[in-house]
Amino acid sequence: MPRKRKLLAQLSALQSNSSFPPFDALVNLNTASDGDSAPKSSKYFAVEKKNSSQLEADFFNQPCISLAKSFLGQILVRKLPDGRELWGRIVETEAYLGGEDEASHSKGGKQTQRNAAMFMKPGTLYVYQIYGIYFCVNVSSQGEGAAVLLRSLEPLQGLDAMRELRNASRKGPTKPLKDWQLCNGPSKLCQALGIDKAFDQRDLTQDAAIWMIPGHDLPGEQDVVATTRIGIGNTGEWAQKPLRFYLRGNKFVSVVDKKMEREMAAMGQISCS
């Protein structure tokens with residue numbers, strides 16, 4: 001009998017043999033023998049461990065302003081479902097101090113379903129939507145209802161993927177995005193990294209799709225500009241507080257405050273560029 005016909009005959013015999021285990025039985029081979037239907041652990045379904053150098057809980061457990069400054073120079077890593085990793089150096093942040101802060105979503109200590117992440121352990125992501133379209137990502141800190149907004153990144157790795165994600169949300173014919181345009185704003189940052197509401201309340205120290213690692217050549221105090229936050233003009237004195245921080249001279253920052261930089265230079269805090 002030719003080899004092909006012989007193999008077909010063997011397959012037919014197996015299919016007609018009542019002793020051949022049905023598909024359900026094959027599935028059940030992965031269940032516990034004591035009747036527990038929960039699948040046993042398997043290396044094929046294990047959660048992949050992240051880089052051992054990632055920033056841990058102790059880093060995030062600091063006061064809001066301190067954390068906002070400490071984020072500058074650190075690297076945010078986003079792992080896409082296809083395995084690609086997107087890296088960006090944090091170059092701009094804003095601090096929101098909780099109940100006392102009239103510009104904060106948690107002003108007055110009010111906790112809602114929307115802002116619940118702001119009251120969770122330091123290092124928890126708070127993602128909210130604006131204009132019904134865009135997203136912004138924050139990280140909780142010490143302090144009741146306090147969190148840091150990530151405003152801008154300097155793209156380091158995965159720029160092509162960032163462009164794909166940004167272009168997917170743009171309408172009509174558009175000019176190609178330059179590197180500095182990919183993440184220079186909180187909503188652009190979220191688009192470029194594929195961050196949406198599904199990331200709300202995730203733990204940066206535990207999540208397998210997003211985390212932070214230490215940056216190199218972290219900035220000194222003289223490299224950081226402290227100025228007013230963006231888009232909070234109707235919050236009285238809080239609109240004038242210097243709670244936005246960015247790396248001076250970095251072209252990936254969303255909004256540069258030249259006046260503040262000149263004032264800092266006049267006081268000898270930074271050198272004129």
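**The largest pocket and the cores**

The largest pocket has a volume of about 570 Å³, where a pocket is, on a 1 Å grid over the protein atoms alone, an open set of points where a 1.4 Å probe fits, with protein on both sides within 12 Å along at least five of seven lines. Of the 25 residues that line this pocket, Tyr96, His105, Tyr128, Gly231 and Ile232 are the closest to its centre, a lining residue being one with an atom within 4 Å of a point. The lining comprises 13 nonpolar, 7 polar and 5 charged residues.

The structure is a predicted model, in which local features need pLDDT of at least 70 and side-chain atom pairs count only at pLDDT 80 or more, while totals for chains, interfaces and linings use all residues. Residues are numbered from 1 along each chain as its sequence is written, and side-chain values use heavy atoms, with hydrogens and water left out.

The largest nonpolar core (buried nonpolar residues joined through side-chain atoms within 4.5 Å; buried means under 20% relative accessible area with a 1.4 Å probe, protein chains only) has 49 residues, and Phe60, Phe71, Leu150, Ile195 and Met212 have the most contacts inside it. Apart from this core lies another, of 11 residues, which include Tyr96, Met118, Tyr126 and Tyr128.

Turning to the cysteines, the count comes to 0 disulfides, a disulfide being a pair of cysteine sulfur atoms within 2.5 Å. The sulfur of Cys136 has its closest cysteine sulfur in Cys190, but no bond is counted because the 6.0 Å between them is too far. Cys136 is buried, with a relative accessible area of 3%, and Cys190 is buried as well, at 2%.

Note on methods:
Buried < 20%, exposed > 50% of the residue type's maximum accessible area, 1.4 Å probe, protein only. Points joined across faces, edges and corners; volume = space filled by probe spheres on them. Nonpolar A, V, L, I, M, F, W, Y, C, P; charged D, E, K, R; others polar.
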